[in-house]
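Me: I would like a close look at one part of this model, the nonpolar patch on its surface. Please start there, and then work inwards to whatever lies behind it.

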Amino acid sequence: PKKHLARFIDRTIDDFDLAPFFARYAKDGRRGGQAYHPAMMLKVILYAFCSGIFSSRKMERMVYDSVATRFLAANQFPDHSSFANFRNRHLAEINDVFVQVVALCKQMGLVKLGHVALDGSIIKSNASKKSTILADDVDELLKQAELIIEELTNKWQSTDAADEADPHTIPEELADAELQMKKLKAVKAAMAERKAKQDALAESRIADERERQSQLETPPEPPSGDLDLKSLRREKGLSQASLAKLSGVARRRISFFESGAYSTRFRSRIPV
């Protein structure tokens, strides 16, 4: 949209003289690939600050995920190392440009630049009756802007120092689609084998439990023989417990026999 902050930053940075940046590149005399244009880097970094982003890794992700940032980056994709190296090489120049941006915004009457608060200034904006400001006022304005930018760049540096790997990225070997599918298939096969073993173990446990339950529910088979325990217990006046101890037959079985479930005649070790 025309009123979007990204358009304001785009127009503002384009109006600055970036000769100090190019002079430093010439002074360094380094060889290698062509560097990203300072204007593009400044736009993305300032927009990140205004969006509450102070991590080079998150700035890298913004140039992919954020439409506004891709607009400012002109569909270029600097990585987090590029942002960090740009800061390390041009920190003084970055601070100088951003101080002037903040001072201009304050002079125009802006109290916020995205998430960056610019209020608290004693300087009147251009909307006042005065169309110009005094030199002392400019000095005060720049001092306030310097404090704001110093805080932002310090936060950028400290955040990068404590920043961990981007949680939205995957290992290099998984970036290859074919290799990724092979690993996924291998993991799925291992998981399927593990599940089959667990299912077999569960079925075995269920079968064992059913067998145990059936043994508990089925009355014991009576031993064969011709000894009448019921009559013997009545004849000798024994309790079931005493008869069980004497005969070697479980008390539970004697109860089954006496209830009429089975014949009560069977062999015993009781001397007759």
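Reply: Leu104, Met108 and Leu110 together make a nonpolar surface patch of about 260 Å². To be in a patch, a residue needs over 30% relative accessible area and no salt bridge; nonpolar side chains (Val, Leu, Ile, Met, Phe, Trp, Tyr) are joined within 5 Å, and like charges within 9 Å. The areas come from the Shrake-Rupley method with a 1.4 Å probe, and for residues only the protein chains shown count as cover. A salt bridge here is a side-chain nitrogen of Lys or Arg within 4 Å of a carboxyl oxygen of Asp or Glu.

Before going on, please keep in mind that this is a predicted model, in which local features need pLDDT of at least 70 and side-chain atom pairs count only at pLDDT 80 or more, while totals for chains, interfaces and linings use all residues. Residues are numbered from 1 along each chain as its sequence is written, and side-chain values use heavy atoms, with hydrogens and water left out.

Back to the patch. Leu104 sits in helix α6, and its relative accessibility of 45% makes it partly exposed. The scale is simple: buried is under 20% relative accessible area, exposed is over 50%, and partly exposed is in between (1.4 Å probe, protein chains only). Helices (H or I, at least four residues) and strands (E, at least two) are DSSP runs numbered from the N terminus.

Cys105 offers a contrast, being buried with a relative accessible area of 1%. Another cysteine, Cys50, is buried as well, at 2% relative accessibility. The sulfur of Cys50 is 7.8 Å from that of Cys105, its closest cysteine sulfur, which is too far for a bond. Cys105, likewise, is in no disulfide. With a disulfide taken as a pair of cysteine sulfur atoms within 2.5 Å, the count is 0.

Now to the interior. In soluble globular proteins, nonpolar side chains tend to be buried together. A nonpolar core, as used here, is a set of buried Ala, Val, Leu, Ile, Met, Phe, Trp, Tyr and Cys residues joined through side-chain atoms within 4.5 Å. The largest one has 44 residues, and among these Leu42, Val97 and Phe98 touch the most other members. Helices α1 (5-14), α3 (38-50), α4 (56-65), α5 (67-73), α6 (80-107) and α7 (135-162) each supply at least two residues, and α3 gives the most, with 11. Val97 is a good place to rest your eye: leaving aside residues up to four places away in sequence, Val97 touches Ile13, Phe16, Leu18, Phe21 and Leu42, where a contact means heavy atoms within 4.5 Å.

Charged pairs link some of these helices too. The whole structure contains 6 salt bridges. In one of them, the side chains of Lys43 and Asp14 meet at 2.9 Å, N to O. Because Lys43 lies in α3 and Asp14 in α1, this pair ties together parts 29 residues apart in sequence. Lys43 is buried, at 8% relative accessible area, while Asp14 is partly exposed at 48%. Asp10 joins Asp14 and Lys43 in a network of salt bridges.

The helix of our patch residue Leu104, α6, has a salt bridge of its own: the side chains of Arg87 and Asp160 meet at 2.6 Å, N to O. Arg87 belongs to α6 and Asp160 to α7, so that the pair links parts of the chain 73 residues apart. Both ends are out of the way of solvent by the accessibility scale: Arg87 is buried at 7%, and Asp160 is buried at 17%.

Just ahead of α6 in the chain is the loop between α5 and α6, where Ala74 is placed. Ala74 has a phi near 55°, a positive value in a residue other than glycine, and is exposed at 52% relative accessibility. Asn75 lies in that loop between α5 and α6, has a positive phi near 60° and is partly exposed at 49%.

Stepping back, the protein has 11 helices and 4 strands, and 30% of its 272 residues are buried. The exposed surface comes to about 18,000 Å², with carbon and sulfur atoms supplying 52% of it.
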